[in-house]
Amino acid sequence: QYLTVRETLEARGVLGQLKARIRAEVFSALDDQREPRPPLSHENLLINELIREYLEFNKYRYTASVLTAESSQPEVPLDRQFLANELKVVEDTSSKSVPLLYGLLSHFVNSSDSGGKVFLRGAAASKAPPGPDA
């Protein structure tokens, strides 16, 4: 009878979720509380949400639950339109069927601006006025 319950829980996807939740709680318990995590910055909130959307789209729910627990990301996902607005992304109908991360990757891989290269700036640099080489 144990196998039947286990098989039922596996078929419903519950067993994996329980294992992931236990793993997340174990990580939390083992986490060295003397070294607190830095506060969740706006940039990390957005990055984590892009990753969570990708993980859930690909059915990596257990990994997504550990990410949420370990990063202190809110349990409720951010609204996709809010996320797109924050990233200054405009979507068409077809792009809404896949995670934003796919669209961002496609944009950069298929971009021909700047000789095929993208100039990246750190978070602090993005708030500073452009330097003489900009």
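Among contacts between residues at least 6 apart in sequence, 60% join residues at least 24 apart. That figure, like everything below, comes from a predicted model. The protein is built from 7 helices and 0 strands, so to speak a run of α-α-α-α-α-α-α when read along the sequence. Of its 134 residues, 19% are buried.A good place to start looking is the meeting of helix 3 and helix 6. Helix 3 covers residues 42-57 and helix 6 covers residues 100-110, and their axes come within 8 Å and cross at roughly 110°. That angle makes helix 3 roughly perpendicular to helix 6. On the helix 3 side, the residues that meet helix 6 are L50, E53, Y54 and F57, and their partners there are L100, L101, Y102 and L104. Sorted by class, this contact has 7 nonpolar residues, no polar ones and 1 charged one.

Aromatic rings turn up here too. The model has 3 aromatic pairs. One of them joins Y54 and Y60 edge-to-face, with 6.2 Å from centre to centre and 65° between the planes. Y54 counts as partly exposed, at 28% relative accessibility, and Y60 is partly exposed as well, with a relative accessible area of 39%. Y54 also pairs with Y102, and this pair is tilted, with the centres 5.9 Å apart and the planes at 55°. The Y54 and Y102 pair links distant parts of the chain, with Y54 in helix 3, Y102 in helix 6, and the two positions 48 residues apart. Y102 is partly exposed, at a relative accessible area of 33%. Put together, ring pairs link Y54, F57, Y60 and Y102 into a cluster.

Helix 3 also holds R52. Is this arginine buried or exposed? R52 is buried, with a relative accessible area of 1%, and that is under the 20% cut-off for calling a residue buried. The side chain of R52 has a polar contact with the side chain of E49, at 2.7 Å. Leaving aside neighbours within four places in sequence, R52 is in contact with A64, L67, T68, Q73, P74, E75, V76, P77 and L78.

Three of those partners, A64, L67 and T68, bring us to helix 4. This helix spans residues 61-71, and its buried residues are A64, V66, L67, T68 and S71. There is a handy general rule for reading such a list: an α-helix has 3.6 residues a turn, so residues three or four places apart point the same way. A64, L67, T68 and S71 are all on the buried list. Right after helix 4 comes S72, whose phi is positive, near 65°.

The loops have their own details. K59 sits in the loop between helix 3 and helix 4. Its phi is near 65°, a positive value in a residue other than glycine. K59 is exposed, with a relative accessible area of 52%, and the cut-off for that label is over 50%.

The loop between helix 5 and helix 6 contains K88, which has a positive phi of about 55° although it is not a glycine. K88 counts as exposed, at 74% relative accessibility. E91 lies in the loop between helix 5 and helix 6 too, but E91 is buried, with a relative accessible area of 17%. What does the side chain of E91 make a polar contact with? The partner is the side chain of R80, at 2.4 Å. Leaving aside neighbours within four places in sequence, E91 is in contact with R80, A84, K96 and L100. L100 is also one of the helix 6 residues that meet helix 3.

Further along, S97 is found in the loop between helix 5 and helix 6 as well. The side chain of S97 reaches the backbone oxygen of S94 at 2.8 Å. S97 and F57 are 40 residues apart in sequence, and their C-alpha atoms are 9.6 Å apart in space. F57 itself belongs to the ring cluster with Y54, Y60 and Y102.

Note on methods. Residues numbered from 1 in each chain as written. Predicted model: local features only at pLDDT ≥ 70, side-chain atom pairs only at ≥ 80, totals over all residues. Heavy atoms only, no water. Buried < 20%, exposed > 50% of the residue type's maximum accessible area, 1.4 Å probe, protein only. Helix = DSSP H or I, 4+ residues; strand = E, 2+ residues; numbered from the N terminus. Axes fitted to C-alpha atoms, helices over the stretch in contact; angles between N-to-C directions. Parallel < 35°, antiparallel > 145°, perpendicular 65-115°, else oblique. Contact = heavy atoms within 4.5 Å. Nonpolar A, V, L, I, M, F, W, Y, C, P; charged D, E, K, R; others polar. Polar contact = N/O pair within 3.5 Å; in protein donor to acceptor, adjacent residues only side chain to side chain. Phe/Tyr/Trp six-rings, centres within 6.5 Å; stacked < 30°, edge-to-face > 60°.
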